[in-house]
Amino acid sequence: MRISLRAVIRLCQVLVVLPLGSAAHAANSETDFKAAYAAADAAEREAGRLRNQWLATEAALTEAKKAAEKRDFDQAVAAAREAEALAKASIFQATNEKEAWKTLEIR
Amino acid sequence: MRFWLTTLAILWVAHPACAADGIDPAADARAFRNFFVQKFPNVKLEDFANGPYALNEDMRRQWEEKEQFPPYEFSLEMGKELFAKPFVNGKHYADCFPDRGIGVRQDYPQFDDKSGKVVTLELALNRCREANGERAITYTGDDMAALTAYMAFTSRGKPFNIKIPDDPRALEAYENGKRYFYTRRGQLNFSCATCHVQNPGERLRAEVLAPALGILNAMPIYRSEWGSMGTTSRRFTTCNSQVRGVPLEPQSDEYRDLEYFLSYVSNGLPISGPGSRP
């Protein structure tokens, strides 16, 4: 049976990548979740200070917590990161609107 | 030179618009009214108090038929009873208001110079309760809707008469309300003005959007969508949710200031509440 060089290289690639993949999977630990959640929570608090929180952010934070309770840290980290992105968007909106609202004003 | 500088400084401070950083509610109200009158030249000014029914003939016909047996009638009766019911200490809501609370709705919100804040009718009702040893009732609930419905009914036809005293705090509250009205918020990036200035008369799903001019004159309202009566507080919080924003707490400073602004720019338009909407 002849095995081509290309097949050997592919096999080596798979063997090298597999452990890396599982390492990446393992990276989404409880610690990662806590860090991601803390970042999202801080951003959402800032949005709250600006009186401009979004429902989707709150939903993503809740989803992150629920996933963490089920010890699904991949999902928990993903949801927390989504929450952080949404919170940052709402902060941008509130900051931008400090002046932009005037463009809508009836004069 | 010093004389001229001093004179200029005095003129600058004395000019009312400059003293209040250019805040001019009367000019705003004129511009606001002109905008809607020009946008809808066939609508009579006082008819803006009827919201979408002023803009859509089909809806108006349905509304006129519904008014034969209006859906807010039960709430109105309930409000009359609640208003007349004495507190535990024997006093009544009537003891807290001028003219015993009859025909005064058009004067709210008011600016309270003691607290330096806006007092809405809903807030005044709860303050009355608390001053008489009663617990406050929820701002979005049926009892508050019923009480304000009754008070609005006793003011029907009376023009909004909102006053902004010569007090920088009152002007600031008005300006804050204006800013809130025009500020985009929520994940949908809508402001109040997006619907009620840019698109009144247009449909948003099944709803015909009401014009901002006169929009609070019909409050509180029975909404078929809700299947019940709703207060101004309920309307504001629901609007925020609809644009995917987290609503503020009812009767927060922002909502009170928003009500102050919206009521002031509708001065002169008659109270039409309680109202009904699809």
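In this predicted model, B:Glu207 lies in strand S4 of chain B, which covers residues 207-208. The residue has 16 other C-beta atoms within 10 Å and is therefore partly exposed, since a buried residue would need 20 or more such atoms and an exposed one 12 or fewer. The C-alpha atoms of B:Glu207 and B:Pro278 are 7.3 Å apart in space, although 71 residues separate the two in sequence.

B:Ser272 offers a second point of entry into chain B. This residue sits in the loop that joins H11 to strand S7 (275-277) of chain B. B:Ser272 counts as buried because 23 C-beta neighbours fall inside 10 Å. Apart from neighbours within four places in sequence, the contacts of B:Ser272 are with B:Ala49, B:Asn50, B:Arg156, B:Asn217 and B:Ala218. B:Gly227, by comparison, is 45 residues from B:Ser272 in sequence and 20 Å away in space, taken from C-alpha to C-alpha.

These residues belong to a chain with 11 helices and 7 strands. The radius of gyration of chain B is 20 Å, close to the 19 Å given by the globule rule for 278 residues, so chain B is as compact as a globular protein of that length. Its C-alpha trace spans about 75 × 50 × 35 Å along the principal axes. Of the 278 residues of chain B, 43% count as buried. Among contacts in chain B with a separation of 6 or more, 73% are between residues 24 or more positions apart.

The packing of helices in chain B can be followed through H11. Two packed helices are described by the angle between their axes and the distance between the axes. Helix H8 (residues 168-182) and helix H11 (residues 253-264) of chain B pack at an angle of about 90°, and their axes are 7 Å apart. H8(B) and H11(B) are therefore roughly perpendicular to each other. On the side of H8(B), the residues that meet H11(B) are B:Ala173, B:Tyr174, B:Asn176, B:Gly177, B:Lys178, B:Tyr180 and B:Phe181. Their counterparts in H11(B) are B:Glu254, B:Asp257, B:Leu258, B:Tyr260, B:Phe261, B:Leu262 and B:Tyr264. Sorted by class, the contact of H8(B) with H11(B) comprises 9 nonpolar, 2 polar and 3 charged residues.

H11 of chain B also takes part in the surroundings of helix H10. Within H10, which runs over residues 232-242 of chain B, the buried residues include B:Thr232, B:Ser233, B:Arg234, B:Arg235, B:Phe236, B:Thr237 and B:Asn240. The buried residues of H10(B) pack against helix H6 (121-131), strand S6 (228-230) and H11 of chain B. Just after H10(B), B:Arg244 adopts a positive phi of about 65°.

Attention now turns to the partner chain and the contact between the two. Chain A and chain B contribute 14 residues and 20 residues to this contact, respectively. Helix H3 (55-69) and helix H4 (73-100) of chain A each provide at least two residues of the side of chain A that touches chain B. H3(A) gives the most to that side, with 3 residues. By class, the side of chain A that touches chain B holds 6 nonpolar, 3 polar and 5 charged residues.

Confidence in chain A also bears on its reading. The average pLDDT of chain A is 85, and 75% of the residues score at least 70. Over residues 14-24 of chain A, however, the pLDDT is below 50, and this stretch has 0 contacts in the model beyond near neighbours in sequence. Where pLDDT is low, the predicted coordinates should not be read in detail.

Notes:
Residues numbered from 1 in each chain as written. Chains lettered and ligands numbered in written order. Predicted model: local features only at pLDDT ≥ 70, side-chain atom pairs only at ≥ 80, totals over all residues. Contact = placed C-beta atoms within 7 Å. Helix = DSSP H or I, 4+ residues; strand = E, 2+ residues; numbered from the N terminus. Nonpolar A, V, L, I, M, F, W, Y, C, P; charged D, E, K, R; others polar. Axes fitted to C-alpha atoms, helices over the stretch in contact; angles between N-to-C directions. Parallel < 35°, antiparallel > 145°, perpendicular 65-115°, else oblique. Rg over C-alpha atoms; globule rule 2.2 N^0.38 Å. pLDDT = per-residue confidence, 0-100.
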